[in-house]
Amino acid sequence: MKYKVEFAEFHKIEVEADSKKEAEEKAAVMDDEDILNHSVENTGMVVWDVREA
């Protein structure tokens, strides 16, 4: 049998904001490069899901 394995990589970033809502809004529009540039912690790859192909 074949399986599709989905991986995820989690990053923690720091952003300057006046409120939690503003921080969430800033994070929501960040692209991959911005996230990597602001990353302060990286979990590495983890298995997110496994399904039959």
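Asp 32 is exposed, because its relative accessibility of 61% is over the 50% cut-off. The model is predicted. In it, Asp 32 lies in helix H2, which covers residues 32-38. Asp 32 also belongs to a negative surface patch. The other members of that patch are Asp 31, Glu 33 and Asp 34.

Turn next to the aromatic rings. The count comes to 1 aromatic pair. Phe 10 and Trp 48 make the pair, with ring centres 5.5 Å apart. Their planes meet at 50°, so the pair is tilted; stacked would need under 30 degrees, and edge-to-face over 60. The pair links distant parts of the chain. Phe 10 sits in strand E1 (residues 3-13), and Trp 48 sits in strand E2 (residues 39-52). The two residues are 38 residues apart.

How exposed are the two partners? Phe 10 has 38% relative accessibility, so Phe 10 counts as partly exposed. Trp 48 reaches 53% and therefore counts as exposed.

Strands E1 and E2 come up again in a nonpolar patch on the surface, as the elements that give two or more residues to the patch. Its members are Met 1, Tyr 3, Val 5, Phe 7, Met 45, Val 47 and Val 50. Together they have about 780 Å² of accessible area. One of them, Tyr 3, lies in strand E1. Tyr 3 is partly exposed, because its relative accessibility is 46%. That value clears the patch cut-off of over 30%, but exposed would need over 50%.

Definitions and conventions
Residues are numbered from 1 along each chain as its sequence is written. This is a predicted model: local features need pLDDT of at least 70, side-chain atom pairs count only at pLDDT 80 or more; totals for chains, interfaces and linings use all residues. Side-chain values use heavy atoms; hydrogens and water are left out. Patches are made of residues with over 30% relative accessible area and no salt bridge: like charges are joined within 9 Å, nonpolar side chains (Val, Leu, Ile, Met, Phe, Trp, Tyr) within 5 Å. Accessible areas come from the Shrake-Rupley method with a 1.4 Å probe; for residues, only the protein chains shown count as cover. A salt bridge is a side-chain nitrogen of Lys or Arg within 4 Å of a carboxyl oxygen of Asp or Glu. Lys and Arg count as positive and Asp and Glu as negative; His and the chain ends are not counted. The place of a charge is taken as NZ of Lys, CZ of Arg, CG of Asp or CD of Glu. Helices (H or I, at least four residues) and strands (E, at least two) are DSSP runs, numbered from the N terminus. Buried means under 20% relative accessible area, exposed over 50%, partly exposed in between (1.4 Å probe, protein chains only). Rings of Phe, Tyr and Trp (its six-membered ring) pair if their centres lie within 6.5 Å; planes under 30 degrees apart count as stacked, over 60 as edge-to-face and the rest as tilted.
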